[in-house]
Amino acid sequence: MTETARPHAPALHEDILAYYTRGKEDGRLRDGGAPSGRLEFWRTQDVLRRILPAAPARVLDVGGGSGVHAEWLVRDGYEVELVDPVPLHVEQASRLPGVTARSGDARSLPDEDATYDAVLLLGPLYHLTERADRVRALAEARRVVRPGGPVVAATINRYAGLHDLLREERYFEPVQRARTDAASTDGRHRSEGGLFTVAYFAQPAEVPGEFSDAGLVPEGQYGLEGVAWLMGGIEDWLDDPERREVVLAATRRIESEPALLGASGHLLTVGRRRP
């Protein structure tokens with residue numbers, strides 16, 4: 001799809017905008033946030049540092065939020081441009097040294113073809129509840145990445161909500177249990193209850209098909225948290241540098257084991273534009 005042929009993207013769902021305007025996403029992933037968020041953050045770094053082309057390279061961070069990942073990528077020597085539909089996120093990311101941030105939608109990027117060495121979609125796919133929109137976002141990423149370049153997308157796994165509420169002991173509440181069971185049946189998470197916003201929870205096996213339909217060649221999948229995020233001692237483990245490294249190494253050991261991909265809360269799928 002060329003730039004001149006790009007259709008206009010629909011507006012961001014109002015519930016998603018309201019949820020992220022609360023400004024809590026930045027703290028969720030950084031040190032001091034929820035243990036599972038810190039594990040997700042460190043494991044995302046771990047995987048990306050093995051997948052991305054060597055710095056300096058030009059990276060487009062689509063749906064990059066407040067710039068939590070863009071910040072360390074710049075420190076690693078990458079040239080990073082961030083696109084996000086939430087005004088607060090663009091404002092926050094713009095304050096980070098070396099990060100260029102602008103408003104935009106994953107389904108309709110203003111960039112010219114083959115502009116970037118790598119494209120990240122670490123937030124958009126799980127807020128696009130329709131398959132056609134997810135494929136459209138992936139196709140845009142394929143369009144703007146250079147031939148042979150990686151596109152890396154995050155999804156939330158189908159049973160992540162069920163696992164999370166069990167861990168937090170909220171699954172025993174009948175209303176929360178009913179909502180969670182509904183989401184684990186069809187993947188569609190509704191925004192009722194305030195715990196999260198409108199989202200789509202994917203089965204790991206369906207994501208490579210969306211990559212293929214977008215013209216990308218699927219290359220691999222990586223479970224970020226493994227089963228460690230569900231264990232009672234995880235907070236103390238992550239606070240201890242020595243134990244944290246053991247947890248990260250253990251999670252890395254099983255990151256692409258097919259039978260365990262769905263145990264993680266988040267999954268990274270990698271594909272490439274054909275050379």
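**Exercise 1.** Decide whether E169 is buried or exposed in this predicted model, and state where E169 is placed.

*Solution.* Step 1: the relative accessible area of E169 is 56%. Step 2: a residue counts as exposed over 50%, so E169 is exposed. Step 3: E169 sits in the loop between helix 7 (160-167) and helix 8 (174-186). Step 4: the phi of E169 is near 65°, a positive value in a residue other than glycine.

**Exercise 2.** Find which class of exposure applies to A114, and give its phi.

*Solution.* Step 1: A114 has a relative accessible area of 26%. Step 2: buried means under 20% and exposed over 50%, with partly exposed in between, so A114 is partly exposed. Step 3: its phi is near 55°, which is positive although A114 is not glycine. Step 4: A114 belongs to the loop between strand 3 (99-103) and strand 4 (118-121).

**Exercise 3.** Explain why the buried residues of helix 11 line one face of the helix.

*Solution.* Step 1: helix 11 covers residues 241-253. Step 2: its buried residues are R244, V247, L248 and T251. Step 3: seen down the helix axis, the buried residues fall within an arc of 95°, so they line one face. Step 4: E242, V246 and R253, on the other side of helix 11, are exposed. Step 5: the buried residues pack against helix 3, strand 8 (216-223) and helix 10 (234-239). Step 6: at the N-terminal end, D240 acts as a cap, with a side-chain oxygen 2.9 Å from the backbone nitrogen of E242.

**Exercise 4.** Describe the largest nonpolar core and the contacts of L39.

*Solution.* Step 1: the largest nonpolar core holds 48 residues, and L39, L120, F196 and L268 have the most contacts inside it. Step 2: helix 3 (residues 35-51) gives the most to this core, namely 6 residues. Step 3: setting aside neighbours within four places in sequence, the contacts of L39 include V247 and L248, two of the buried residues of helix 11. Step 4: a separate second core has 25 residues, among them A141 and L216.

**Exercise 5.** State which strands pair with strand 9, and name residues that pair with G271.

*Solution.* Step 1: strand 9 (residues 266-273) has 7 of its 8 residues buried. Step 2: strand 5 (residues 150-157) pairs with strand 9 in the antiparallel sense over 7 bridges. Step 3: strand 8 also runs antiparallel to strand 9, joined by 7 bridges. Step 4: G271 is the bridge partner of V151, and P218 stands opposite G271.

Technical notes. Residues are numbered from 1 along each chain as its sequence is written. This is a predicted model: local features need pLDDT of at least 70, side-chain atom pairs count only at pLDDT 80 or more; totals for chains, interfaces and linings use all residues. Side-chain values use heavy atoms; hydrogens and water are left out. A nonpolar core is a set of buried Ala, Val, Leu, Ile, Met, Phe, Trp, Tyr and Cys residues joined through side-chain atoms within 4.5 Å. Buried means under 20% relative accessible area, exposed over 50%, partly exposed in between (1.4 Å probe, protein chains only). Helices (H or I, at least four residues) and strands (E, at least two) are DSSP runs, numbered from the N terminus. Contact means heavy atoms within 4.5 Å. The expected span of a helix is 1.5 Å times one less than its number of residues. The arc is that of the directions from the helix axis to the C-beta atoms. A polar contact is a pair of N or O atoms within 3.5 Å; within protein, one must be able to donate a hydrogen and the other to accept it, and residues adjacent in sequence count only if both atoms are side-chain atoms. Two strands pair if DSSP finds at least two bridges between them.
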